[in-house]
Amino acid sequence: MLGIYDEREIVPLEGTWKANVGDSVVGTVASAKGSVCIVDLSSFVRGLIVLRKYETAPEKGSIISAVIRDVENRRTAILEGSSELHGGILMKVKPSKVPRLIGKSNTMINQIADLTAVRIVVGMNGLVWISGENSARAVAAIERVCEEAHVPGLTMRIKEMLEKEKGIIGNDIEKGTI
Amino acid sequence: MKSNKPELIVNNKRLDGRNFDELRPLSIKAGVIDNASGSAYVEWGNNKIIAAVYGPKEAMPKHMMDPSKAIIKCRYAMSPFSNLSEHGRSGPSRRSTEISKVIKEVFENVVFLNEFPGSEIDIFVEVLQGDGGTRAAGITAASVAMASAGIPMRDLVYAVSVGRIDDKLALDLNMIEDNYSDSDMPIAVAPRDGEILLLQMDGGLSREQLSRGISMVLSAGKDISKKQIDALKENYDSISKKYES
Amino acid sequence: MKMESIDMIKVNYIKSMLAKNMREDSRGMFDFRNMRITPGTMGNAEGSAQVELGRTKVLAGVKIALEAPMTDTPDQGNMTVAAELLPLAHSKYESGPPTPEAIELSRVTDRGIRAGSCIDLKSLFIEEGKAWGVYIDVYVLNYGGNLFDACEIAAMSALLNSTMPTYEDGKVIHENRKNRLKIDNIVTSTTFAKIGGSILLDPSLDEEIASDARLTVTNDGSSIRSMQKGLRGSFYQKEIEELVGISFNKHVELKSLIEKRV
C-alpha cells in the first residue's frame, strides 16, 4: 500500500523532506556574506550557518555536512557543527529512501562504504556525498537501494552485488596499471 | 454543440457500444518521467496524457512567493499532433489557460500547502492525444503524479465528465459525443467525503438531470480511484515481483 | 544558464573519470546508450515514434494537412520539423516562448531531414493551389542528454511510420489513411561532445553540462547531409574528419535499428 490513511491525511511511502531538529544534512554553500552562510540543501528549505567570531566562512560552492539545531518557519534550518567535505561527488536520492539507505544501526551504508572502499556521508535532505576510487560502484549500489527499498532481503542483495563486482574492480586496477 | 449531429445512440447503446454509465477503458502508470518528482501516464479511451509534478522547490519569481504556504503552478497543453484532423498550433490558448487555472485550484484544495511555506509546486499536464474529457483525465493523472512525488494531500482526487445526449445522461463522453452532446459537465471529486472541487457545465440540464449526473460521477469514482491506487502500488510491486518465485 | 554548485561537482567528477579514459556509466567513448524505438504510439497522428536513449525520452508526431503551396514553390508541398522542450522534461525548462536552445534543436532536426531529401516535396503536390503539408513535432518528455540524435531519429522513424490521409472531391478524410508517406532517404544523426581533451559520442546529461564543444553530424550512408557545431569550444580539422568517419559507421547500425522497428 502506498499511502496510509491517517485522520485527515494520506501518509505516503514516498515523501518530501521536512526539516527536523537533529537531522544531519549535506549541502553546498550558496553564499557567504559576513558572518552568515547560506547552504543549498537541494530543497525549498534553506540552511543557515551563523559563524562565530574566529570562524572563517567556507568557500562558495564547497560541500558541507551539518546538523540542524533549529527550524524557523519550516523553511529555514539553522545548522551547527558544520564540517567541509573535500573532493568527492554529490548524488541526490529521494529523501523518503534515506532511512533505508542508512539501514538499521547504519548496516546498509557501512556495508556499501566497506565493500567499495569509499567514504559516504548521507544527509536526511537526500544529498549523499561520496569520495573514493570506486565512487561509480557506490553510486550504482545506492541507486539500487533506493529502487528496491521496499523489497525484503535488500542487504544481502547489495552485498552479493558488490562482492561480485569486487572481482571487476580488481581487473580494472590491473588494466590501469598495464 | 454543432449542427448536422450524427446519431449518438443506437439501440439504446452508445456509438462505441458502452452503456450510459460505463467508463471507457482506463489504464494508469506511475513514474514515467525520470527527472520529475512524480509523474503518471494515463490512457483513457483514446486519450493519452502525461502528468508530472516538480517540487516543492523555491518559489520563483520571488514576488510570487508566499511565506506562509506553497504556491501551485499548472500548465495544461495539447500537442500539435493530438487531434485526428488538423495540425494544432503549440503555445497557450484561451482554452488551455482556463483549464490550467481550474486544475491548479483543484490541487490548491487537497495539497497541504502549509507544509511547504515559501515553496512552489509545478503541475504539468501534456495531452499527447486527445479524445474528449482531457481535463478530467489530466486531473486524474496529475493526482497520481502528486502522490508519487510524495507530496502530502488530504485525498486522491479523480475527475470524469458526464453529459447529456438527447434525453439521456452519459458518463465519460468521448470526442464525438463531446462535440455533438447537448450538455457536458466535467467534475473533479475528493472521494472521501464526495466534495466537488471542479465543476464546469455548458448546454442545458434540468435540476433532476444535474442531480443524477453528479450521482453517476460519484458512483463511477470507485473504479477510477482503484485504478489510481493500483498504479501507485504497481510502481513498487513490479520491482518486488522480480524477487518473487 | 547559471551553473549550480552541484553541477560543478559533477563536471569535476566527469573530468576526473575521463582523465582515466572512463565514462560515468562505463561506456566506450564511441558507444551509444541503449536506444529503444517504438513507432506508432499515437493513433490520431498520421505517424509517430517514441525514442528512448538512456534516460532521454522523446516523442515525434506527424500531422499531414491540406494547404496552399507557398507562392515561390507553387508545384510542391511543405515540410516543417519543430522540437519542443516540454517543461515537464526537466526542472530547468520553463513554459513560455521557445528558448534559443529549443530553436537550435528544432532547426538542426529540420535541417538533417530537409537536406537529406527524405521527402520529395514535389510528391506532396496534389493539384493547383493544393498540396500536403507535413508537420513533424518532436516532444522532449525527459531530458537526459543528447537531444539532437534522439529527436532526429524519432522524427525519421515517425516519418517512416506515416500514412497519407485520403483526398476526395476537394475534402481530406483523416479517418481513412491507406498509402504510406513516400520516404526517399533515411538520415541518421550522431552527436559528439568534447570535454577537455576527450571526445565522446552520445553525451549523457552530466556529460553535456561538462561539454566544451559539441558536433552533430547527419549522414545517409553516402553523403554528409548536415552538421552543427555548438558551444564555446573548438574542433580541429583532423578531429572532424575522424568523427565524420565514426558517424558513417554508426549510420549502418542506426539505420537498421530504425528499419527494424518500422
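Student: Why is B:Asn11 called exposed?

Tutor: Exposed means over 50% relative accessible area, buried means under 20%, and partly exposed lies in between, with a 1.4 Å probe and protein chains only. B:Asn11 has 74% relative accessibility, so it counts as exposed. This is a predicted model, in which local features need pLDDT of at least 70 and side-chain atom pairs count only at pLDDT 80 or more, while totals for chains, interfaces and linings use all residues. Residues are numbered from 1 along each chain as its sequence is written, chains are lettered from A and ligands numbered from 1 in the order in which they are written, and side-chain values use heavy atoms, with hydrogens and water left out.

Student: What makes the backbone of B:Asn11 notable, and where is this residue found?

Tutor: Its phi is near 50 degrees, a positive value in a residue other than glycine. Most residues other than glycine have a negative phi. B:Asn11 is found in the loop between strand 1 (9-10) and strand 2 (13-14) of chain B. Helices (H or I, at least four residues) and strands (E, at least two) are DSSP runs, numbered from the N terminus.

Student: Why is C:Asp169 called exposed?

Tutor: The relative accessibility of C:Asp169 is 79%, so by the cut-off for exposed it belongs in that class. C:Asp169 sits in the loop between strand 7 (163-168) and strand 8 (171-180) of chain C, and its phi is near 50 degrees, positive in a residue other than glycine.

Student: Why is A:Met161 called buried?

Tutor: Its relative accessible area is 15%, and therefore A:Met161 is buried. The residue lies in helix 4 (residues 154-177) of chain A. Contact means heavy atoms within 4.5 Å; leaving out residues up to four places away in sequence, A:Met161 touches A:Ala140, A:Ala141 and A:Arg144.

Student: What makes the bond from B:Gly55 to B:Pro56 cis?

Tutor: Its omega is near 0 degrees. B:Pro56 is found in strand 5 (residues 47-58) of chain B. A cis peptide bond also joins B:Met60 and B:Pro61, with omega about -10 degrees; B:Pro61 is in the loop between strand 5 and strand 6 (71-78) of chain B. Most peptide bonds are trans.

Student: How do you know that chain C, with five helices and 12 strands, is as compact as a globular protein of its length?

Tutor: The radius of gyration is taken over C-alpha atoms, and the globule rule is 2.2 Å times the number of residues to the power 0.38. For 262 residues the rule gives 18 Å, and chain C has 19 Å, close to that value, so it is as compact as a globular protein of that length. Buried residues make up 57% of the 262 residues in chain C.

Student: What area do chain B and chain C bury between them, and how many residues does the contact take from each?

Tutor: Buried area is the accessible area (1.4 Å probe) that two parts lose on being put together, summed over both. Chain B and chain C bury about 2500 Å², 60% of it on carbon and sulfur atoms. The contact takes 28 residues from chain B and 28 residues from chain C. B:Phe81, B:Leu84 and B:His87 supply 29% of the area that chain B buries against chain C, more than any other three residues.
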